[in-house]
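Load the model in your viewer and keep the selection box ready. Each stop below says what to select and what is there.

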Amino acid sequence: MLRPVRLHQALNRTVHTITLPDPDGRAVWAVETDIMEDHRARLYRDGQRTSMAKMPAGFTIPGGKIEVDAGLYGVTRVHLVTPDGQERRLAPAPGTLEYRRAVLTRDHPRLSRGIAVIAVVILLVNLVLAAPAWLEMVTSIPEVAERFGTFTSPVLLPGWLLATLTVAGVVAATERAVTWRHNRIVDAETIWTSL
């Protein structure tokens with residue numbers, strides 16, 4: 001049975017839904033993911049689980065195929081692909097972070113745009129300042145240095161600033177994930193999470 005998303009689950013659990021015509025009338029299809037529990041997607045029809053698959057997952061349903069994938073910062077794809085190739089993104093269910101963010105965008109568009117701009121600025125600052133420092137730390141590990149060599153960051157950051165930038169980067173990346181925004185340059189710092 002599909003349970004509602006609770007506030008304490010909003011960072012790791014998502015549910016997306018779509019209502020489609022069915023021989024019995026209409027069916028509500030839902031896809032649930034929990035990136036902290038496992039890397040699996042669960043498919044529900046009218047609240048009852050019908051199948052589960054490791055992501056990236058594809059579920060064949062009447063009217064097409066639901067494709068699902070997720071990364072460290074949230075769901076990256078949850079679309080119904082019809083037999084003629086058209087795609088429709090499933091809607092976030094109430095209680096999810098994606099739903100709450102969509103409500104903020106609807107009710108306060110200027111605030112929403114401001115948050116989006118701040119997230120981009122944070123990720124760009126991290127790309128210039130924090131990413132080289134983290135790369136230096138990773139390449140100082142003997143096994144990594146032996147295989148790839150070492151890297152010396154041109155920027156020396158105090159530990160507190162590196163930690164602050166890292167936390168801010170995680171928050172900014174999560175913001176961009178829940179609003180389905182992605183850019184190769186802006187999100188370059190988070191690319192390692194998909195490897």
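The tour starts with ground rules, then goes through strands, helices and single residues.

**Ground rules**

This is a predicted model: local features need pLDDT of at least 70, side-chain atom pairs count only at pLDDT 80 or more, and totals for chains, interfaces and linings use all residues. Residues are numbered from 1 along each chain as its sequence is written, and side-chain values use heavy atoms, with hydrogens and water left out.

Helices (H or I, at least four residues) and strands (E, at least two) are DSSP runs, numbered from the N terminus. Two strands pair if DSSP finds at least two bridges between them.

**Stop 1: two hairpins**

Select residues 25–34 and 40–45. These are strand 2 and strand 3, which run antiparallel and are joined by five bridges. They form a hairpin with five residues between them. Pick Trp-29 next: Arg-45 in strand 3 stands opposite.

Now add residues 48–54. This is strand 4, joined to strand 3 by six bridges, again antiparallel. Ala-41 has Ala-53 in strand 4 as its bridge partner. Strand 3 and strand 4 also form a hairpin, with two residues between them.

Zoom in on Asp-46, in the loop between strand 3 and strand 4. What is the phi of Asp-46? Phi is near 50 degrees, a positive value in a residue other than glycine. Asp-46 counts as partly exposed because its relative accessibility is 40%. The cut-offs are under 20% relative accessible area for buried, over 50% for exposed, and partly exposed in between (1.4 Å probe, protein chains only).

**Stop 2: a cis peptide**

Select Met-55 and Pro-56. The peptide bond joining them is cis, with omega about 0 degrees. Pro-56 sits in the loop between strand 4 and strand 5.

**Stop 3: the open sheet**

Move on to strands 5 to 8. These four strands form an open sheet in the order 5-6-7-8, with antiparallel pairing. Its edges are strand 5 (57–61) and strand 8 (87–89), each pairing on one side only. On average, neighbouring strands of this sheet are turned by 25 degrees against each other, direction ignored. The axes behind such angles are lines fitted to C-alpha atoms, for helices over the stretch in contact, and angles run from 0 to 180 degrees between N-to-C directions.

Select residues 74–81 for strand 7. Strand 7 pairs with strand 8 in the antiparallel sense over three bridges. One pair to label is Val-81 with its bridge partner Glu-87 in strand 8.

**Stop 4: helix 2**

Select residues 109–139. Helix 2 has 31 residues, which at 1.5 Å a residue should span 45 Å; its end C-alpha atoms are 42 Å apart, which agrees. The expected span is 1.5 Å times one less than the number of residues.

Where is the kink in helix 2 centred? Go to Leu-127, the centre of a kink of about 45 degrees. The bend at a residue is the angle between axes fitted to the seven residues ending there and the seven starting there.

Colour the buried residues of helix 2, among them Ala-116, Ala-119, Leu-123 and Ala-130. The buried residues pack against helix 1 (97–107), helix 3 (142–148) and helix 4 (159–178). Contact here means heavy atoms within 4.5 Å.

Label Ser-112, a residue of helix 2. Ser-112 counts as buried because its relative accessibility is 2%. Its side chain makes a polar contact of 2.7 Å with that of Arg-101. A polar contact is a pair of N or O atoms within 3.5 Å; within protein, one must be able to donate a hydrogen and the other to accept it, and residues adjacent in sequence count only if both atoms are side-chain atoms. Leaving aside neighbours within four places in sequence, Ser-112 is in contact with Arg-101, Leu-104 and Thr-105.

Then pick Pro-132, also in helix 2. Pro-132 is buried, at 14% relative accessibility. Beyond four places in sequence, Pro-132 touches residues including Phe-151, Ser-153 and Pro-154. The C-alpha atoms of Pro-132 and Thr-152 are separated by 7.9 Å, with the residues 20 apart along the chain.

**Stop 5: helix 4**

Finish on helix 4, which has 20 residues and reaches 29 Å from its first C-alpha to its last, close to the 28 Å expected. Its buried residues pack against strand 7, helix 1 and helix 2. Val-171 lies in helix 4. Is Val-171 buried or exposed? Val-171 is exposed, with a relative accessible area of 55%. Last selection: Trp-180, which follows helix 4 and has a positive phi near 60 degrees.
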